[in-house]
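Work through these exercises with the model open. Each task is followed by a solution in steps.

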Amino acid sequence: MALSKKQGIAIGVGVVAVAVVVGGIIAAVNLNGAAAADEATPAPTESNTATDEIQWFHTDVVPEAVAALEDSGFTPVQEGKLTVAVGAFVPPLSYQPDGTSAATDVAGTEPNIGSLIAEGLGLEYNPQVVAWADWPLGIQSGKYDLITSNVTVTEERKELYDFASYREDLLGFYVKSDSDIDSISEAADISGLKIIVGSGTNQEQVLLRWNEELEAAGEAPAELVYYDDTAAATLAIQSGRADATFGPNATAAWSARETGDTKLVGIVPGGWPDTAQIAAGTAKGNGLIEAVNIVLNKIIEDGTYTDLLEFWGLDSEAVTSSEINPPGLPKP
């Protein structure tokens, strides 16, 4: 079930900002051709391009999860509460809606996943806004019980944290909405193109490896273009100075949906050729993850999860079940 909360959404999110803000944590399932890409990006409509209402999706207490939590011996940071580390970056993942300042107002898929887990466990949702660089120590030290902030499962992280997956990890190629480019799915498709990408991200590594393939085959590599300023990057796409952007699909899909200025033409694994999952994370071996996994599978089963992702335009990233410590991206 869902309750509506009238709040203005501060959009204005450029197609490149998220490649820098949350880049380096993305992976995906490969889609071939424009048909699959078109299905993943909702066409702009009167109802979804001027969103002025945020929905918070809710669930009931899940008795099996409560029992698993009690049996685990896990003790929350604050009694009766689930302290969840969340980001406040960009929609649809997590952001501070215009006119708000409290951590409880931070909206998007990630905070709502955290609140659903808390509700399912019969605990009060206690969100804490955390910078990306600070969550690992915060989870390890016991400052936070859980993180739901677009964290990709990696084999290295699994040594220190337990994970329960809840979303596919995707990277998307986006072009100007009237571009003649209709599909990017392999190295040959980027030959000679100018592609905007975040420096030091997983997506940059994918393009560099594709360029190596092209050069080995005697083909022209893509030209990688870097912008620190979102507005400048957006202008580059719209003016034709760049052909495409490559970054986290979640935020780029939201921008495409809200503005209608760009379109999705391809999705590839962020850890190409490896794939991975986005997951809720907690300290290794503290007993919490089993109960979290039960709640996630419950909301997947009853449709609450589907409703949440559809509201934020991320249904293309849905999983059919939550796994505990699924295979992660390999160590460097």
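Helix α6 spans residues 202-216 and lies across β7, β8, β9, β10 and β11. The model is predicted.

**Exercise 1. Place α6 on the sheet and describe the helix.**

Step 1. Find β10, residues 244-248; α6 runs at about 130° to β10.
Step 2. Check the span of the helix. α6 has 15 residues and reaches 21 Å from first C-alpha to last, close to the 21 Å expected at 1.5 Å a residue.
Step 3. List its buried positions. They are Asn202, Gln203, Glu204, Val206, Leu207, Trp210, Asn211 and Leu214.
Step 4. Look just past the end of α6. Gly218 has a positive phi of about 80° there.

**Exercise 2. Work out the strand order of the sheet and find its edges.**

Step 1. Trace the 5 strands. The order is β9-β8-β10-β7-β11, the sheet is open, and the pairing is mixed.
Step 2. Look for strands that pair on one side only. These edge strands are β9 (223-225) and β11 (262-269).
Step 3. Compare neighbours. On average they are turned by 30° against each other, direction ignored.
Step 4. Take β8 (residues 194-197) with β9. The two run parallel and are joined by 3 bridges. Ile196 stands opposite Val225 of β9.
Step 5. Add helix α7, residues 230-239. This helix packs on the sheet and touches β7, β8, β10 and β11. Its direction makes about 160° with that of β8.

**Exercise 3. Classify the ring pair of Tyr95 and Trp312, and say which parts of the chain it ties together.**

Step 1. Recall what is needed. A pair of aromatic rings is described by the distance of the centres and the angle of the planes.
Step 2. Read both values. The centres of Tyr95 and Trp312 are 6.2 Å apart, with 80° between the planes.
Step 3. Apply the cut-off. Planes over 60 degrees apart count as edge-to-face, so the pair of Tyr95 and Trp312 is edge-to-face.
Step 4. Locate the partners. Tyr95 lies in the loop between β3 (81-86) and α4 (109-120), and Trp312 in the segment after α10 (304-311), so the pair ties together parts 217 residues apart in sequence.
Step 5. Check burial. Tyr95 and Trp312 are both buried.
Step 6. Widen the view. Ring pairs link Phe57, Tyr95, Trp254, Phe311 and Trp312 into a cluster. The structure holds 10 aromatic pairs.

**Exercise 4. Inspect three backbone features and place each one.**

Step 1. Start at Pro91 to Pro92. This peptide bond is cis, with omega near 5°. Pro92 sits in the loop between β3 and α4.
Step 2. Go to Asn150, in the loop between β5 (146-147) and β6 (161-168). Its phi is positive, about 60°, although Asn150 is not a glycine. At 2% relative accessibility, Asn150 counts as buried, since the cut-off is under 20%.
Step 3. Go to Asn325, in the segment after α10. Its phi is near 45°, again positive in a residue other than glycine. At 22% relative accessibility, Asn325 counts as partly exposed.

**Exercise 5. Map the nonpolar cores.**

Step 1. Begin with the largest core, which has 43 residues. Leu82, Ile117, Leu121, Leu288, Val292, Leu296 and Tyr305 touch the most other members.
Step 2. Ask which helix gives the largest share. Helix α9 (residues 288-302) does, with 8 residues.
Step 3. Follow Leu121. Leaving aside neighbours within four places in sequence, Leu121 contacts Ala65, Val66, Leu69, Leu82, Leu288, Ala291 and Val295.
Step 4. Find the other core, lying apart from the largest one. It has 20 residues, among them Leu171, Phe173, Ala187 and Val197.

Conventions. Residues numbered from 1 in each chain as written. Predicted model: local features only at pLDDT ≥ 70, side-chain atom pairs only at ≥ 80, totals over all residues. Heavy atoms only, no water. Pairing = 2+ DSSP bridges. Helix = DSSP H or I, 4+ residues; strand = E, 2+ residues; numbered from the N terminus. Axes fitted to C-alpha atoms, helices over the stretch in contact; angles between N-to-C directions. Contact = heavy atoms within 4.5 Å. Phe/Tyr/Trp six-rings, centres within 6.5 Å; stacked < 30°, edge-to-face > 60°. Buried < 20%, exposed > 50% of the residue type's maximum accessible area, 1.4 Å probe, protein only. Expected span 1.5 Å × (residues − 1). Core = buried A, V, L, I, M, F, W, Y, C linked by side-chain atoms within 4.5 Å.
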